[in-house]
Amino acid sequence: MAIYLTKESKVLVQGMTGAEGMKHTRRMLAAGTDVVGGVNPRKAGRSIDFDDRAIPVFGSVREGIEATGADVSVVFVPPAFAKAAVIEAADAGIGLAVVITEGIPVHDAVAFHAYARARGTRIIGPNCPGLITPGQSNAGIIPADITKPGRIGLVSKSGTLTYQLMYELRDIGFSTCVGIGGDPVIGTTHIDCLAAFQDDPDTDLIVLIGEIGGDAEERAAAYVRDHVTKPVVAYIAGFTAPEGKTMGHAGAIVSGSSGTAQAKKEALEAAGVGVGSTPTETAQLVLARLEERT
Amino acid sequence: MDLYEHQARELFEEHGILVPKAEVTDSPRGARESARRLGGRVVVKAQVKTGGRGKAGGVKLAADPAAAELTARQILGMDIKGHTVHKVMLAQPVDIDSEFYVSYVLDRAAGGFLAIASAEGGMDIEEVAATRPEAVARIPVDPAEGVTTAKAAQIAEAAGLPPQTVDVLVRLWQVLTREDALLVEVNPLVRTAQGQILALDGKVTLDGNARFRQSRWGSQGVEHDDALEAAAAAKGLNYVKLDGEVGIIGNGAGLVMSTLDVVAGCGARPANFLDIGGGASAQVMADGLSVILSDPAVKSVFVNVFGGITACDAVADGIVQALDSVHLTKPLVVRLDGNNAVRGRAILDGRAHPLVQQATTMDGAARRAAALAHADTTATATISGS
């Protein structure tokens, strides 16, 4: 079953005709994603050849949905146009918009977040690698060939740490891996994914990857304590990050005493979550927890 | 990107918020002249991007231009929590009747902005919030509607602020939205003995992502206190200088943060954060290496790359090319893992650089890099030769 994305998902790509859009549409198709079209008003009516498949380009998300029944959109458009693209997708009634674009102004993210929420559109991202249900569908830029289908669910703020854990646990495999993004304002949170994985019959264990900044991990810890019965294993990055410096991700910053890795680790451990001190140790904790269950 | 107080003051003034008359200078001589233009008696304020200036002696009253020069001489060059004072602002003193606190902050959990206001300004708002939470009003702002006069009146009333502050609250929201700020804070917002509402001190954090539509930031630029950070920024690198001896290069912000932690866990201290992104091209690798090697504190370098979208053989090619253009002076530990890892490692083995060694795991590579940083130069030569 997996969460948010299955082999039934029909995917539109907003910004498909740009360099990044082209590259990753090809990769998504190779991973088995049912990419049903791209959106670009200036190239509407044409189609783009990806190896043996011709993918139509629509003038708007609405046209794309009407023609194909698409329910997912992956957004690759540049930061200056991302807000309009997400609002267009929400207006057209898309169920899930996966916003890969990095560098979107926070005021734009705040605006489209509120807009989409009011219309029932789920946003994943922005500034995220997207999500993958291995063996079924890949919506975004996660490398599909580093892992296989399995029964671990993963939710992460970081792209490369997601890949690292997917790779370390490739022999076990994953139900769905969701990269929620490292920006201060994101559409889908750790808690949303925890809730979905808890309800997903194909997920046995949940891996949660967090990093410094904000208090999303602390809130996730409280949610685990109150609502999650499946085992949860976590990894937190940024113990050595100094206060007041942004570490790569716009949201990764310790402000005063808030947002530290130590506070997140303590909150998670208090909720019964095993927290690894390195990615490798985290993978070992996952294996140990899975063995306990059998 | 945090602004200095004097920059925040200018923004407030541009948006029609009353501020004290003030000038900025980087010399004691300039302070004397500014004080003379401002009427003689002035407050001399250190311009640093950190709190607690007053307690550190960075804010002082000067009675006349000669005293202003003397005070500026004391404050300029002062170190406040690791920040050197390069400029002072001289401001006309204000006759204060009462002090308030107002700010708009990003509420990450709610995905929107929050108005925070209190009639108890002038002190640490976190302390007020902790001891007397009822004295601090926290009101979410609908991003589509913003802060209208009605909304501002609601905020002022909830916080117990006088009605004259409503106009400031509306204008402050305009600063937030039109300047693409993530934080605007006025503390204290004062009512003078004459009944004027004045922003006496302020903090503004701008959103670096909005640079493309905020053209005037180009001239203002991001000021780097650190020369290496400035050099890295000039090359477009995502680099943060830290205090240790192990240079770090990695791909992806999360993986690099994790690399710092793993190195620290091995008893060494990371010298920097450097995220070269997914592509890890030869040019970026060379630029990154040259910045790190120019840091005299660096004793060893750890390159930690996970091959995902860009497979490890392409990354290895990039490292080999970078080694041709950069003169390597310190031992380099490379960990390549992920797609085509075996091929990537073979490419690096083929290059057989005497200062480069490989490890197959992140933890093992971190241990090696830490050991190399702690070894002296002869020991380093022995290890890299083994």
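Visitor: What makes strand β2 and strand β3 of chain B count as a pair?

Guide: The bridges do. A pair needs at least two bridges between the strands. β2(B) and β3(B), residues 59-62, share 4 bridges, so they pair. Their sense is antiparallel. Keep in mind that this is a predicted model.

Visitor: Which residue of β3(B) does B:V44 stand opposite?

Guide: B:K60.

Visitor: How many bridges join β2(B) to strand β6 of chain B?

Guide: There are 4, and these two strands also run antiparallel. β6(B) covers residues 88-91. Here B:V44 stands opposite B:L90. Strands of a sheet pair through backbone hydrogen bonds.

Visitor: Why is β2(B) called largely enclosed?

Guide: Count its residues. A residue is buried under 20% relative accessible area. In β2(B), residues 42-46, 5 of the 5 residues are buried, so the rest of the structure largely encloses the strand.

Visitor: How do you know that both faces of β2(B) are covered?

Guide: Take one side at a time. B:V42, B:V44 and B:A46 are on one side, and they are buried. B:V43 and B:K45 are on the other, and they are buried as well.

Visitor: How much of chain B as a whole counts as buried?

Guide: 55% of its 386 residues. The chain has 14 helices and 18 strands. Its C-alpha trace spans about 80 × 50 × 40 Å along the principal axes. Among contacts in chain B with a separation of 6 or more, 66% come from residues 24 or more positions apart.

Visitor: What feature does UniProt place at residues 9-214 of chain B?

Guide: The unreviewed entry gives "domain: ATP-grasp" for that span. In the model, residues 9-214 of chain B are 29% helix and 32% strand. The end C-alpha atoms of the span lie 18 Å apart.

Visitor: Turn to the two chains. Why is α5(A) called roughly perpendicular to α9(B)?

Guide: Two packed helices are described by the angle between their axes and the distance between the axes. The axes of α5(A), residues 159-168, and α9(B), residues 253-265, cross at roughly 75° and come within 5 Å. Angles of 65 to 115 degrees count as roughly perpendicular. The crossing falls in that range, so α5(A) is roughly perpendicular to α9(B).

Visitor: Which residues make the contact?

Guide: From α5(A), they are A:T160, A:L161 and A:Q164. From α9(B), they are B:A253, B:G254, B:L255 and B:S258. By class, that is 3 nonpolar, 4 polar and no charged residues.

Visitor: What makes β3 and β7 the edge strands of the sheet in chain A?

Guide: Each pairs on one side only. The sheet is open, with 7 strands in the order β3-β4-β2-β1-β5-β6-β7 and mixed pairing. Its twist averages 25° from one strand to the next. At the β3(A) end, β3(A) and β4(A) pair antiparallel over 4 bridges. A:I48 stands opposite A:I55 there.

Visitor: Which helices lie across this sheet's strands?

Guide: Helix α2 of chain A, residues 61-68, lies across β1, β2 and β4 of chain A. Helix α3 of chain A, residues 79-91, lies across β1, β2, β5, β6 and β7.

Visitor: What angle does α2(A) make with β1(A)?

Guide: About 155°. Over 145 counts as roughly antiparallel, so α2(A) earns that label against β1(A). α3(A) runs at about 150° to β1(A), so the label fits α3(A) too.

Visitor: Why is A:D51 called exposed?

Guide: The cut-off is over 50%. A:D51 has 64% relative accessibility, so it counts as exposed. A:D51 sits in the loop between β3 and β4 of chain A. Its phi is positive, near 50°.

Visitor: Why is B:N340 called partly exposed?

Guide: Partly exposed lies between the 20% and 50% limits. B:N340 has 30%, so that is its class. Its phi, near 60°, is positive. B:N340 is in the loop between β17 and α12 of chain B. Most residues other than glycine have a negative phi, and most peptide bonds are trans.

Visitor: Where are the cis peptide bonds?

Guide: One joins A:G125 and A:P126, with omega about 10°. A:P126 is in the loop between β7 and β8 of chain A. Another runs from B:N187 to B:P188, with omega near 5°. B:P188 is in strand β10 of chain B.

Technical notes: Residues numbered from 1 in each chain as written. Chains lettered and ligands numbered in written order. Predicted model: local features only at pLDDT ≥ 70, side-chain atom pairs only at ≥ 80, totals over all residues. Heavy atoms only, no water. UniProt positions renumbered as here; feature names shortened; annotations may be inferred. Axes fitted to C-alpha atoms, helices over the stretch in contact; angles between N-to-C directions. Parallel < 35°, antiparallel > 145°, perpendicular 65-115°, else oblique. Contact = heavy atoms within 4.5 Å. Nonpolar A, V, L, I, M, F, W, Y, C, P; charged D, E, K, R; others polar. Buried < 20%, exposed > 50% of the residue type's maximum accessible area, 1.4 Å probe, protein only.
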